[in-house]
Amino acid sequence: MEKRNTTSDFILLGIFKHTRSHLFLFMMVLTMAIASLMANALMLLLILLDPRLHRPMYFLLSQLSLMDLMLVSSIVPKMAADYLTWNKSISPAGCGLQIFVSLTLGGAESFLLAAMSYDRYVAVCHPLRYPVLLNWRLCIQMTLGSWFLGAADGLMQAATTLSFPFCSAHEIDHFFCEAPMLVRLACADTSVFENAMYVCCVLMLLIPFSFILTSYSLILSAVLHLRSQEALRKAFATCSSHLAVVALFYGPAIFIYMRPKSYRSANHDKVVSAFYTIFTPVLNPLIYSWRNSEVREALKRWLGKCADF
């Protein structure tokens, strides 16, 4: 029997039920989450320890792995504990922290992917000027800017969301605290905030996405003028991984935060949220390691050193 909520805590209803089929799905999701943590930690370790990967491109990739690592760590342990212990409550502070972390990482990743698209543009269209157009100072500035903009968005939305009075049930039909789901429980007029949140999401998603489309339009134009098949193959290889990651990130993000309210469904939101918080983080390092020969070589060297030790 589930306990009734008699405090100010929220109740996360979760995504899994206590049935045999749902237990199997839970074990699959938990396995994917552990694999995601290990894969992203390994990617961070390789980039940190291998001097051949100490370049702006891989520094940006290390930030992507760090964001995925933090996202999984902030959501999956609580989800697993709720399911295994049947204690589904979360304090307002814990709920606000989840909203802040998820929005910070989502916003930061949106701008980071735009920075990575600029890196690919310079590498393909201006390879000889790469050290000038994308030096370490600019790389650090873009990275810090991504984190700052993401944190500003997360702090604003988390603080505003928790400032509303909530109805007595406090039941969130989700497996973690997400701003759009929490706003539905408010016993107040939230239309102004929802409109502001929609505009904010448009700015945080569509501006970087437009920059990415522009970068790849220029890359495509340059690639079409290449007469060498080898150069064409290298250009495709260097961009295809990033395009796959862009599709995996922006598809679910736009679905969750930019749909009209009348088209929202709790079940659909939970499935899509599970995809971008659990499955996408494990796919990102795999995509880059499969498509990137330098990462594969770094992994081989690291495994060789481990075997020698």
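The legends below describe an overall view and several close-up views of one predicted model.

Because the model is predicted, local features require pLDDT of at least 70 and side-chain atom pairs count only at pLDDT 80 or more, while totals for chains, interfaces and linings use all residues. Residues are numbered from 1 along each chain as its sequence is written, and side-chain values use heavy atoms, with hydrogens and water left out.

**Figure 1. Overall view of the protein chain, with 10 helices and 3 strands.** Helices (H or I, at least four residues) and strands (E, at least two) are DSSP runs, numbered from the N terminus. Along the sequence the elements follow the pattern β-α-α-β-α-α-α-β-α-α-α-α-α. The radius of gyration of the protein chain is 21 Å, close to the 19 Å from the globule rule for 309 residues, so the chain is as compact as a globular protein of that length. This radius is taken over C-alpha atoms, and the globule rule is 2.2 Å times the number of residues to the power 0.38. Along the principal axes, the C-alpha atoms fill a box of roughly 65 × 50 × 30 Å.

**Figure 2. Surface, burial and contacts of the protein chain.** The chain exposes about 15,900 Å², and carbon and sulfur atoms supply 70% of that area. Accessible areas come from the Shrake-Rupley method with a 1.4 Å probe; for residues, only the protein chains shown count as cover. Of the 309 residues, 46% are buried; buried means under 20% relative accessible area, exposed over 50%, and partly exposed in between (1.4 Å probe, protein chains only). Among contacts with a separation of 6 or more, 78% are between residues 24 or more positions apart, where contact means heavy atoms within 4.5 Å. The 24 positive and 18 negative charges have mean positions 7 Å apart. Lys and Arg count as positive and Asp and Glu as negative, whereas His and the chain ends are not counted. Each charge is placed at NZ of Lys, CZ of Arg, CG of Asp or CD of Glu.

**Figure 3. Close-up of the open sheet, with strand order β2-β1-β3.** The 3 strands have mixed pairing; two strands pair if DSSP finds at least two bridges between them. The edge strands, β2 (89-90) and β3 (171-172), each pair on one side only. Strand β1 (residues 10-12) runs parallel to β3 and is joined to it by 2 bridges. I11 stands opposite E171 in β3.

**Figure 4. Close-up of Y288 in helix α9 (residues 266-291).** Y288 is buried, with a relative accessible area of 5%. Leaving aside neighbours within four places in sequence, Y288 is in contact with M43, L61, L64, M116, S241, H242, V245 and V295. L61 is 227 residues from Y288 in sequence, but the two C-alpha atoms are 8.8 Å apart in space.

**Figure 5. Close-up of S73 in helix α2 (residues 56-85) and of W86 in the loop between α2 and β2.** S73 is partly exposed at 39% relative accessible area. From S73 to A33 the separation is 40 residues in sequence and 8.7 Å in space, C-alpha to C-alpha. W86 is also partly exposed, with a relative accessible area of 44%. Phi of W86 is near 65 degrees, a positive value in a residue other than glycine. Most residues other than glycine have a negative phi.

**Figure 6. Close-up of C167 in the loop between α5 (136-162) and β3.** C167 has a relative accessible area of 33% and is partly exposed. Not counting residues up to four places away in sequence, C167 touches L185, A186 and C187. F255 is 88 residues from C167 along the chain, and their C-alpha atoms are separated by 27 Å.

**Figure 7. Close-up of A222 in helix α7 (residues 191-224).** A222 counts as partly exposed, at 26% relative accessibility. A222 and V183 are 39 residues apart along the chain, with 46 Å between their C-alpha atoms.
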